Amino acid sequence: MKRNQKRGCRRWLLVGVSVLALAGLTGCGVQKVDVMGMADLTFSGLDGEGTAQVSIPQDLEEFATQVLGEIPSGSSQKLDYISQAVNLFGTIREISVAPSEDLSNGDQVTVTIDYDAQAAKELGFQLEETSREFTVSGLREATVVDLFQDVQVQFTGISPFGKALVFNNNTTDPFLREVQYNVQPNQGLQNGDTVTVVPFYSKRDAEENFYRVEAETKTYTVEGLDSYLSQPEELTPEAASAMDREARDYLEAQLAGLNEQLLNGALGYTHDPTGTVGEPTLAAVYLLNAKGENYRTDYGNMLVWVYRVDLDLVNDGWMLNAWEQYQGEVYFPVAYSDLVVGQDGSVQVNLAARWVSGQAKTLDEVYSNWVTQNKDLYTAQNLPLEQLGLSEKSA
């Protein structure tokens, strides 16, 4: 029985060989032959993960020599001798080994030869044995390798639209440098979510390096992301006061000069209006949160401050007047976008990136302009003013 560490198929099915007539070649009686003795059994792989393969050489001269003895020198006798081997070879259906996987040194495996005993007997042959046990040996001890020992998962972006990237740049191990990694999910993440990293590597390379992989996957928890402000309680008094103050200052400056563009949005055509303008008073605050990063939204969130201003204005009537005199209230919304809550709980907002649009004569119109028309893109909350700690006048 041969044993070595070369590779091969685990079960070797012999191809049938045409049986030749052997009239007078075998003589009288039945000859016992040791086919098992020439089976080539190999163990390969790592201890605990080894495999076994068994086969019989297909070289008929080698088969004849090992099973029937030394080949005669005469050409005619040699041909008859090989013919006997061919016929015996043809009675063997299969040679197999079991178990053939997940083997450890010291395990027992059984090699079995399945052959047509009747056909062999008619040819004058009988196998000495059709099964034999062998002890597994020669498997290499493995070094346990952690595929994640130098892996870094980086979380970027702003929650709940964070992203995950995986890096393996710090390793000096040639095998580990060839491992590729995939992380899922890799976007739409928020703090507290989990992602799974899966490595892709050559099992053959691992075996050749005598490595046993410790784990095939690893889970990481998303952390360290700033997040888009999504709840009223996340809005700090400092940030609320800063936005309220900036919005009031902007409106007061524009209305003091009776900004025609600003008034035109609410009242229609204006031309050199004159009259009085009251102080802006806070009427409502709407918090809009994007429904999804890929849902055509331009901003992760928006905080819309709506101010009521009492007007008593006269419009110059020299052409196309939409109105000659207006006495009543007008609502002016001022929006700030992409408010971010930092890891320390502070709120970051770009006060210079304001959006002034959708002014109207009624609060319902403003709500329609900002909330109703954007309901497919944003979820909306109406923030109670008292919850913000702000008065109608000023913060």
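In this predicted model, the largest nonpolar core has 35 residues, and the ones with the most contacts inside it are Val 35, Leu 41 and Phe 63. Quite a few elements chip in. Those giving two or more residues are strands S3 (40–44), S4 (51–55), S5 (92–98), S6 (108–115) and S7 (125–127), along with helices H1 (60–68), H2 (75–91) and H3 (117–123). Helix H2 gives the most to this core, with six residues. For a feel of how the packing works, take Phe 63. Leaving aside residues up to four places away in sequence, Phe 63 touches Val 35, Met 38, Ile 56, Leu 68, Ala 85, Leu 88, Phe 89 and Ile 92. A second core, separate from the first, is made of 34 residues, and Trp 305, Val 330, Phe 332 and Val 341 are among them. There is a general pattern behind this: in soluble globular proteins, nonpolar side chains tend to be buried together.

Now for the chain as a whole. It contains nine helices and 26 strands. Of its 395 residues, 41% are buried. The chain exposes about 20,500 Å², and carbon and sulfur atoms supply 45% of that area. Contacts also reach far along the sequence: taking those between residues at least 6 apart, 70% join residues at least 24 apart.

Val 341, already met in the second core, also turns up in a sheet. Strand S23 covers residues 340–341 and pairs with S24 in the antiparallel sense, over two bridges. Within that pairing, Val 341 stands opposite Val 347 in S24. Both strands belong to an open sheet of four, ordered S11-S18-S23-S24, with mixed pairing. Strands S11 (158–159) and S24 (347–348) stand at the edges; each has a single partner strand, so one side of each is left without a neighbour in the sheet.

Next come the aromatic rings, which form seven pairs. Tyr 299 and Trp 355 have ring centres 6.0 Å apart and planes at 55°; the pair therefore counts as tilted. This pair links distant parts of the chain, 56 residues apart: Tyr 299 lies in the loop between strand S20 (281–290) and strand S21 (301–314), while Trp 355 lies in strand S25 (residues 354–356). Tyr 299 is partly exposed, with a relative accessible area of 29%, and Trp 355 is partly exposed too, at 39%.

Trp 355 also pairs with Trp 370. Here the ring centres are 5.1 Å apart and the planes are at 70°, so this pair is edge-to-face. It also bridges distant parts of the chain, joining Trp 355 in strand S25 to Trp 370 in helix H8 (residues 363–370), 15 residues apart. Trp 370 is buried, with a relative accessible area of 5%, whereas Trp 355 is partly exposed.

Elsewhere, ring pairs link Phe 175, Tyr 201 and Tyr 211 into a cluster. A ring can take part in another kind of arrangement as well: the charged end of Arg 140 sits over the ring of Phe 210, 3.6 Å from the ring's centre.

Key: Residues are numbered from 1 along each chain as its sequence is written. This is a predicted model: local features need pLDDT of at least 70, side-chain atom pairs count only at pLDDT 80 or more; totals for chains, interfaces and linings use all residues. Side-chain values use heavy atoms; hydrogens and water are left out. Two strands pair if DSSP finds at least two bridges between them. Buried means under 20% relative accessible area, exposed over 50%, partly exposed in between (1.4 Å probe, protein chains only). Contact means heavy atoms within 4.5 Å. Accessible areas come from the Shrake-Rupley method with a 1.4 Å probe; for residues, only the protein chains shown count as cover. Rings of Phe, Tyr and Trp (its six-membered ring) pair if their centres lie within 6.5 Å; planes under 30 degrees apart count as stacked, over 60 as edge-to-face and the rest as tilted. A charge sits over a ring if NZ of Lys or CZ of Arg is within 6 Å of the ring centre and within 35 degrees of the ring normal. A nonpolar core is a set of buried Ala, Val, Leu, Ile, Met, Phe, Trp, Tyr and Cys residues joined through side-chain atoms within 4.5 Å.
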